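Biologist: Please take me through the sheet in this model, strand by strand. I would like a close look at how the strands pair and what packs between them.

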Amino acid sequence: MQIPIDVTLGLPRVTMIGQLHVYVENHQGILSFTPERVHLRLTDGELIVVGQNIIIKAILPEELILEGTIDEIKHV
């Protein structure tokens, strides 16, 4: 059985569905949150999600689902 490399290395996986949902796996925590901007810590940097009316739909230790109008996602 082959395990994907992102799972074995703990790399983040970001899945975006249209402009409405963002699913982030393997995040290391929320650095800041506003309805216009979510700033997450990753193992290899940080992820910034920019948009309007962003809410945290679900949060687990290593998974996060954001909902709202997503305009931009940046890895820094």
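Modeller: Thr15 sits opposite Tyr23 of strand E2. This is a predicted model. The pair belongs to an antiparallel match: strand E1 (residues 13–17) and strand E2 (residues 21–25) are joined by five bridges. Three residues lie between the two strands of this hairpin. Gly18 takes a positive phi near 60° there.

Now the whole sheet. It is open and has six strands, in the order E1-E2-E6-E5-E4-E3. The pairing is antiparallel. E1 and strand E3 (29–34) are the edge strands, and each of them pairs on one side only. On average, neighbouring strands are turned by 40° against each other, direction ignored.

Go to the E3 edge. E3 pairs with strand E4 (residues 37–42) in the antiparallel sense, over five bridges. Here Phe33 stands opposite Val38 of E4.

Val38 also leads to the packing. It is one of eleven residues in the largest nonpolar core. The others are Val22, Val24, Leu40, Leu42, Leu47, Val49, Ile54, Leu64, Leu66 and Ile70. E2, E4, strand E5 (45–59) and strand E6 (63–75) each supply at least two residues of this core. In soluble globular proteins, nonpolar side chains tend to be buried together.

Look closely at Ile54, a member of that core. Leave aside its neighbours within four places in sequence. Ile54 is then in contact with core members Val38, Val49, Leu66 and Ile70. Its contacts also include Phe33, Thr34, Pro35, Glu36 and Arg37. Glu67 and Gly68 complete the list. So Ile54 touches both Phe33 and Val38, the residues that stand opposite each other in E3 and E4.

Methods: Residues are numbered from 1 along each chain as its sequence is written. This is a predicted model: local features need pLDDT of at least 70, side-chain atom pairs count only at pLDDT 80 or more; totals for chains, interfaces and linings use all residues. Side-chain values use heavy atoms; hydrogens and water are left out. Two strands pair if DSSP finds at least two bridges between them. Helices (H or I, at least four residues) and strands (E, at least two) are DSSP runs, numbered from the N terminus. Axes are lines fitted to C-alpha atoms, for helices over the stretch in contact, and angles run from 0 to 180 degrees between N-to-C directions. A nonpolar core is a set of buried Ala, Val, Leu, Ile, Met, Phe, Trp, Tyr and Cys residues joined through side-chain atoms within 4.5 Å. Buried means under 20% relative accessible area, exposed over 50%, partly exposed in between (1.4 Å probe, protein chains only). Contact means heavy atoms within 4.5 Å.
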